[in-house]
Amino acid sequence: MGIIAWILIGLIAGAIAKALTPGKDPGGCLVTMLIGIVGGLLGGWLGKLIFGVHSINGFFHLSTWIAAIIGSVIVLFVYRLLSGQRSR
């Protein structure tokens, strides 16, 4: 799968990750999209690293979406930690 596909998956995965994680996020729609893109790329990289699969399976496979959503949740969690510390 190419980088463009991971960006598209990341956009959707960011919205899903934001819906799955309760709480107020510092940032709007643009931040959510960026978090999703970074999270999708992170999920793809972690999938390769941990499970040893090449670019996960494909755009329409469940493992691809799960990896992107998990990556987005991780990035969203880190973003909330960093932005919460900045405002204090």
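Biologist: The backbone oxygen of Arg80 sits 3.4 Å from a polar atom of the Ser83 side chain. What makes that pair a polar contact?

Modeller: A polar contact is a pair of N or O atoms within 3.5 Å; within protein, one must be able to donate a hydrogen and the other to accept it, and residues adjacent in sequence count only if both atoms are side-chain atoms. At 3.4 Å, the pair falls within the 3.5 Å limit, so it fits that distance rule. One caution: this is a predicted model, where local features need pLDDT of at least 70 and side-chain atom pairs count only at pLDDT 80 or more, while totals for chains, interfaces and linings use all residues. Residues are numbered from 1 along each chain as its sequence is written, and side-chain values use heavy atoms, leaving out hydrogens and water.

Biologist: Why is Ser83 called buried?

Modeller: Buried means under 20% relative accessible area, exposed means over 50%, and partly exposed is in between (1.4 Å probe, protein chains only). Ser83 has 11%, so it's buried. You'll find Ser83 in helix H3; helices here are DSSP runs (H or I, at least four residues), numbered from the N terminus.

Biologist: And why is Leu41 partly exposed?

Modeller: Its relative accessible area is 33%, which lies between the 20% and 50% cut-offs, so Leu41 gets the middle label. Leu41 belongs to helix H2, and its C-alpha is 8.7 Å from that of Ser72, although the two are 31 residues apart in sequence.

Biologist: What makes the nonpolar surface patch a patch?

Modeller: Members need over 30% relative accessible area and no salt bridge (a side-chain nitrogen of Lys or Arg within 4 Å of a carboxyl oxygen of Asp or Glu). Nonpolar side chains (Val, Leu, Ile, Met, Phe, Trp, Tyr) are joined within 5 Å. Take Ile12, one of the members: at 43% it's partly exposed, and that is over 30%, so it passes the area test. The patch covers about 810 Å², with its largest share, six residues, coming from H1.

Biologist: Which residues form the largest nonpolar core?

Modeller: Trp6, Ile9, Ala13, Trp65, Ala68 and Ile69. H1 and helix H3 (62-86) each supply at least two of them. A core is a set of buried Ala, Val, Leu, Ile, Met, Phe, Trp, Tyr and Cys residues joined through side-chain atoms within 4.5 Å.

Biologist: How many helices and strands does the chain have?

Modeller: Three helices and zero strands, in the order α-α-α.

Conventions: Patch = residues over 30% accessible without salt bridge, like charges linked within 9 Å, V, L, I, M, F, W, Y side chains within 5 Å. Areas by Shrake-Rupley, 256 points an atom, 1.4 Å probe, with all protein chains shown as cover. Helix = DSSP H or I, 4+ residues; strand = E, 2+ residues; numbered from the N terminus.
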